[in-house]
Amino acid sequence: HIDLQTPYGICDKCDGIIDIDQPPKITRLTMENITEGIEDPYWAKKGETIQITLEVSMLLATTPTIKLQDNIIRTEDMTKKDELTWVAEINTSDYIFNEGLMNIEVSDVKSLWGVSTGNRYSTSDDKYITYDTTKPVYIYVPQQ
C-alpha cells in the first residue's frame, strides 16, 4: 500500500521508500463462476456471472484492461474492492463468448508514475472457466 498524501511513494506498512521505477506486480489473478446454485465454479453458460479478481502490488494510475477471450471487459463492469484489488463481475449474456476454455489477458497495468508491467496471460492458480454453449439434449429411453 502506498500513502496517497505527498510525498508519494512512502509505504505506510514498512515505512520505506518504494522504487518509483519499479513496475507494479500482479500478485493475484483469478476467475470463477459465482452464479448462485452452480456446481462447478470453473464451468459457465450463457446468463451466468463470472468474477475476475486482480490484485496488484501498488496503486495504479488507471483501470487495467481485462480481456476474456476476444472481449474487452467494460470499465463499468470493474470495481475497486480496495486500493490494490480490482474486481470485474460480468454476465456472460452481455458478451459473445466462444465455446471452450476462456483465456484471459490483463494489460495497461501502470503505476502512478507511468511505469507499466507486461501483459499477463495466465491466472495465479492455473484455473480457467470453460464456457459451454451446447444445450442439453434429453434422450428418452423407454423402460422395459
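Helices (H or I, at least four residues) and strands (E, at least two) are DSSP runs, numbered from the N terminus. Two strands pair if DSSP finds at least two bridges between them.

This is a predicted model: local features need pLDDT of at least 70, side-chain atom pairs count only at pLDDT 80 or more, and totals for chains, interfaces and linings use all residues. Residues are numbered from 1 along each chain as its sequence is written, and side-chain values use heavy atoms, with hydrogens and water left out.

**Exercise 1. Describe the secondary structure, then place strand 3 among its partners.**

Step 1. The protein has 0 helices and 10 strands. Along the sequence the pattern reads β-β-β-β-β-β-β-β-β-β.

Step 2. Strand 1 (26-33) is joined to strand 3 by 7 bridges, and the two run antiparallel. Within this pairing, Arg 28 has Glu 55 of strand 3 as its bridge partner.

Step 3. Strand 3 is also joined to strand 7 (residues 85-91), again by 7 bridges and antiparallel. Here Thr 53 has Val 87 of strand 7 as its bridge partner.

Step 4. Now check burial. Buried means under 20% relative accessible area, exposed over 50%, partly exposed in between (1.4 Å probe, protein chains only). Strand 3 (residues 49-56) is mostly covered, with 6 of its 8 residues buried. For the protein, buried residues make up 35% of the 144 residues.

**Exercise 2. Locate Ser 107 and decide whether it is buried or exposed.**

Step 1. Ser 107 sits in strand 9 (residues 104-107).

Step 2. Strand 9 belongs to an open sheet of 3 strands, ordered 5-4-9, with antiparallel pairing. Strand 5 (71-72) and strand 9 are the edge strands, each pairing on one side only.

Step 3. Strand 4 (residues 65-68) meets strand 9 through 4 bridges. One bridge pair is Thr 65 with Ser 107.

Step 4. Contact means heavy atoms within 4.5 Å. Leaving aside neighbours within four places in sequence, Ser 107 contacts Pro 64, Thr 65 and Asn 119.

Step 5. Ser 107 counts as buried because its relative accessible area is 13%.

**Exercise 3. Trace the salt bridges of Arg 74.**

Step 1. A salt bridge is a side-chain nitrogen of Lys or Arg within 4 Å of a carboxyl oxygen of Asp or Glu. The whole structure holds 6 of them.

Step 2. Arg 74 meets Asp 77 at 3.2 Å, N to O. Arg 74 is partly exposed, at 31% relative accessible area. Asp 77 is buried, at 16%.

Step 3. Arg 74 also bridges to Asp 94, with the closest N and O atoms 3.7 Å apart. This pair links distant parts of the chain: Asp 94 is in the loop between strand 7 and strand 8 (100-101), Arg 74 in the loop between strand 5 and strand 6 (78-82), 20 residues apart. Asp 94 is partly exposed, because its relative accessible area is 45%.

Step 4. Put the links together. Arg 74, Glu 76, Asp 77 and Asp 94 form a network of salt bridges.

**Exercise 4. Characterise the ring pair of Tyr 95 and Phe 97.**

Step 1. Rings of Phe, Tyr and Trp (its six-membered ring) pair if their centres lie within 6.5 Å; planes under 30 degrees apart count as stacked, over 60 as edge-to-face and the rest as tilted.

Step 2. The structure holds 2 aromatic pairs. In one of them, Tyr 95 and Phe 97 are 5.9 Å apart centre to centre, with 40° between the planes, a tilted pair.

Step 3. Tyr 95 and Phe 97 are both buried. Ring pairs link Tyr 95, Phe 97 and Tyr 131 into a cluster.

**Exercise 5. Which residues touch Pro 41, and which touch Thr 35?**

Step 1. Pro 41 lies in the loop between strand 1 and strand 2. Thr 35 lies in the loop between strand 1 and strand 2 (43-44).

Step 2. Not counting residues up to four places away in sequence, Pro 41 touches Glu 32, Asn 33 and Ile 129. Pro 41 counts as partly exposed because its relative accessibility is 26%.

Step 3. With neighbours within four places set aside, Thr 35 contacts Glu 48 and Thr 49. Thr 35 and Thr 49 are 14 residues apart in sequence and 5.3 Å apart in space, C-alpha to C-alpha.
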